[in-house]
Amino acid sequence: MFDWDDIRYFLAVAREGSTNAAARVLGVNQSTVQRRLRELERRIGYPLVKRLPTGYLLTDFGRELLPLAAQMEGVAAAVEQQVRR
């Protein structure tokens, strides 16, 4: 299906509005963010963002996926916290 890690990249782009800003937040380079976002879109079969000269806007599907992706992030953080106990 898809790699959870790719969801993190989607969330960062959605929150930051650009792959450059998302890369800074994630501590990776911009091309990594672009590649991971494209891979997620390829795997799920839907575009998540509209690529514009001024930045990235979520597609309708991207907006629908965003709250679910945020829930995944929260669950992943809770699991990590539990494991570290």
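**Exercise 1. Identify which side-chain oxygen reaches a backbone nitrogen at the start of helix 1, and describe the helix that follows.**

Step 1. A side-chain oxygen of D3 comes to within 2.9 Å of the backbone nitrogen of D5, at the start of helix 1. Helices here are DSSP runs of H or I with at least four residues, strands are runs of E with at least two, and both are numbered from the N terminus.

Step 2. The model is predicted: local features need pLDDT of at least 70 and side-chain atom pairs pLDDT 80 or more, whereas totals for chains, interfaces and linings use all residues. Residues are numbered from 1 along each chain as its sequence is written, and side-chain values use heavy atoms, without hydrogens and water.

Step 3. Helix 1 spans residues 4–16, and its 13 residues reach 19 Å from first to last C-alpha, close to the expected 18 Å. The expected span is 1.5 Å times one less than the number of residues.

Step 4. Just after helix 1, G17 adopts a positive phi of about 85°.

**Exercise 2. Determine which residues of helix 1 are buried and what they pack against.**

Step 1. Buried denotes under 20% relative accessible area, with a 1.4 Å probe and protein chains only. In helix 1 the buried residues are D6, I7, Y9, F10, L11, A12 and V13.

Step 2. These residues pack against helix 2 (19–26), helix 3 (30–44), strand 1 (49–52), strand 2 (55–58) and helix 4 (60–83). Contact requires heavy atoms within 4.5 Å.

**Exercise 3. Establish whether R36 is buried or exposed, and which residues R36 touches.**

Step 1. R36 lies in helix 3. R36 counts as buried because its relative accessibility is 17%.

Step 2. Leaving aside residues up to four places away in sequence, R36 touches D3, D5, D6 and Y9.

Step 3. The side chains of R36 and D5 are joined by a polar contact of 3.3 Å. Such a contact is a pair of N or O atoms within 3.5 Å, one able to donate a hydrogen and the other to accept it.

**Exercise 4. Characterise the meeting of helix 2 and helix 3, and the place of V33.**

Step 1. The two axes come within 8 Å and cross at roughly 105°. Helix 2 is therefore roughly perpendicular to helix 3, a class covering 65 to 115 degrees.

Step 2. T19, N20, A22, A23 and L26 in helix 2 meet Q30, V33 and Q34 in helix 3.

Step 3. V33, in helix 3, is buried at 0% relative accessibility. Beyond four places in sequence, V33 touches Y9, V13, T19, A22, A23, L26 and V28.

Terms used:
Buried < 20%, exposed > 50% of the residue type's maximum accessible area, 1.4 Å probe, protein only. Axes fitted to C-alpha atoms, helices over the stretch in contact; angles between N-to-C directions. Parallel < 35°, antiparallel > 145°, perpendicular 65-115°, else oblique.
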